[in-house]
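Work through the exercises below with the sequence and the structure at hand. Each task is followed by a solution in steps.

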Amino acid sequence: MTLIVVMEHQASQGAVDALIARLREMGFDTHLSVGVERTIIGAIGPKRPEYIQQLGAMAGVDRIVPILQPFKLAGREFHAEGTAVQVGAVTIGAEPLVVMAGPCAVEGEEQLLKIAREIKSAGAHMLRGGAFKPRTSPYSFQGLEEEGLRILALAREQTGLPVVTEVVNPRDVELVAQYADMLQIGARNMQNFTLLKEVGKTQKPVLLKRGLSATVEEWLMAAEYIISGGNEDVVLCERGIRTYETETRNTLDLSAVPAIKHYSHLPVIVDPSHGTGRWRYVTPMARAAVAAGADGLMVEVHSEPEKALSDGAQSLTPKNFQQLIEEVEKIAEAIGRDARQNVIGVQVNETQ
Ligand code: PEP
Ligand code: MN
């Protein structure tokens with residue numbers, strides 16, 4: 001890895017010498033540049049992330065700037081062109097926008113099949129729905145588990161929409177992969193490294209949601225776990241982060257979209273439902289997400305939000321979802337991602 005070590009203004013000669021000695025001991029070649037303001041040391045050596053922290057703790061060091069990003073397989077340095085991830089007939093990361101929609105949780109066969117038909121006719125490209133729910137409270141509805149997966153597969157059969165659903169436990173990865181087209185790693189599990197390694201061993205595309213308090217770098221490192229495990233089909237999902245603001249459930253960090261595009265070749269979608277927690281804010285933030293360059297959206301839709309077993313407050317009715325689609329299509333068209341030319345919508349309809 002390549003590092004730039006920026007010394008403090010007042011760093012002593014002794015501190016500079018000690019730093020260079022330590023770098024050499026670690027196996028780095030060093031290049032010293034003494035400026036009027038500051039001394040900077042360039043160093044090329046072994047790829048050992050812990051060295052960055054060790055060097056940062058030395059006397060006289062202001063900051064360490066790693067030149068090679070720690071995420072290699074997920075980084076643009078490794079893969080300059082953007083990646084497209086295929087989920088059944090749907091391509092995520094190509095020009096057309098991809099919209100995933102459905103209830104927070106699969107509540108029953110009738111409920112899911114109805115919503116699946118409704119979101120499909122509104123123009124969604126994929127069906128979402130949780131069978132294993134990571135609920136904050138152990139007393140809340142935990143999901144229908146395998147029965148929920150069976151219902152999701154039935155909805156795919158009936159509508160042709162590929163299914164994305166969450167897996168919360170490493171021991172369930174194989175089971176969920178038997179039913180789902182895409183495995184979702186939820187925000188609460190973004191740094192469940194055992195789970196990341198397990199989905200890395202499968203051939204199923206993975207939707208990796210951003211952790212509630214994860215930095216962009218930590219999020220990309222989580223993606224790195226999956227890719228380095230052998231599964232390159234990773235799509236990132238911004239779903240809001242914890243801040244001091246309480247008006248919204250989370251603060252939707254739309255600047256993460258261009259940041260991900262800058263650092264990584266992976267597709268990134270946005271979930272304005274968990275990102276805001278309030279249905280009234282979902283469509284405006286969906287429009288903004290598309291304008292910011294998101295490759296797609298994940299939206300919670302329920303035929304009767306007032307009766308939903310989870311996340312009713314942030315769920316759109318099918319009618320409001322239809323409106324969302326119409327509005328984001330206009331934005332998509334304005335930035336050259338014509339959603340009406342969406343390969344997926346057309347292909348799914350044609351292949352049924
Ligand atoms: C979900 O999408 O069902 C979900 C639980 O979201 P998150 O993991 O982002 O909270
Ligand atoms: Mn939810």
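**Exercise 1. Ligand 1**

Task: Find which residues surround ligand 1, and how much of its accessible area the protein covers.

Solution. Step 1: keep in mind that this is a predicted model. Step 2: list the surroundings of ligand 1, which are formed by Arg128, Lys133, Glu166, Gln184, Gly186, Ala187, Arg188, Lys209, Arg239 and His274. Step 3: look for polar atoms beside the oxygen atoms of ligand 1. Arginine 128 places a polar side-chain atom 2.7 Å from an oxygen atom of the ligand. Lysine 209 also uses a polar side-chain atom, at 2.8 Å from a ligand oxygen. Alanine 187 takes part through a backbone N or O atom, 2.7 Å from an oxygen atom of ligand 1. Step 4: turn to the area. On its own, ligand 1 has 290 Å² of accessible area, and the protein covers 96% of this. Step 5: locate the site, which is the second largest pocket.

**Exercise 2. The manganese ion**

Task: Name the protein donors of the manganese ion (ligand 2) and give their spacing along the chain.

Solution. Step 1: identify the donor atoms. They are SG of Cys104, NE2 of His274, OE of Glu300 and OD of Asp311, at 2.0 to 2.4 Å from the ion. Step 2: read the spacing of these donors along the chain, C-x169-H-x25-E-x10-D. Step 3: place two of the donors. Histidine 274 belongs to helix H9 (residues 272-276), while aspartate 311 is in the loop between strand S14 (296-300) and helix H11 (318-334), so this pair ties together parts that are 37 residues apart in sequence. Step 4: compare with the first exercise, where His274 was listed among the residues around ligand 1.

Task: Decide whether histidine 274 and aspartate 311 are buried or exposed.

Solution. Step 1: take the cut-off, under 20% relative accessible area for a buried residue. Step 2: apply it. Histidine 274 has 9% and is therefore buried. Aspartate 311 has 19%, so aspartate 311 is buried as well.

**Exercise 3. Positive phi angles**

Task: State what phi is for glutamate 145 and for aspartate 311.

Solution. Step 1: read the angle of glutamate 145, whose phi is near 55°, a positive value in a residue other than glycine. Step 2: place glutamate 145 in the loop between strand S8 (126-128) and helix H4 (146-159). Its relative accessibility is 41%, so glutamate 145 counts as partly exposed. Step 3: do likewise for aspartate 311. Phi of aspartate 311 is near 55°, again positive in a residue other than glycine, and the residue is in the loop between S14 and H11.

**Exercise 4. Two buried side chains**

Task: Find which polar contacts the side chains of histidine 302 and glutamate 224 make, including those to backbone nitrogen.

Solution. Step 1: start with histidine 302, in the loop between S14 and H11. At 5% relative accessibility, histidine 302 counts as buried. Step 2: its side chain is joined to that of glutamate 107 by a polar contact of 3.2 Å. A polar atom of the histidine 302 side chain also lies 2.9 Å from the backbone nitrogen of glutamate 304. Step 3: go on to glutamate 224, in helix H7 (residues 216-228), which counts as buried at 10% relative accessibility. A polar atom of the glutamate 224 side chain lies 2.8 Å from the backbone nitrogen of leucine 73.

Technical notes. Residues numbered from 1 in each chain as written. Chains lettered and ligands numbered in written order. Predicted model: local features only at pLDDT ≥ 70, side-chain atom pairs only at ≥ 80, totals over all residues. Heavy atoms only, no water. Donors = N, O, S within 2.8 Å, 3.2 Å for Na, K, Ca; no water. Helix = DSSP H or I, 4+ residues; strand = E, 2+ residues; numbered from the N terminus. Buried < 20%, exposed > 50% of the residue type's maximum accessible area, 1.4 Å probe, protein only. Near = heavy atom within 4 Å. Polar contact = N/O pair within 3.5 Å; in protein donor to acceptor, adjacent residues only side chain to side chain. Areas by Shrake-Rupley, 256 points an atom, 1.4 Å probe, with all protein chains shown as cover. 1 Å grid on protein atoms, 1.4 Å probe; cavity = no way out; pocket = protein on both sides within 12 Å on 5 of 7 lines; lining within 4 Å. Sits in = over half its atoms within 2 Å of the grid points.
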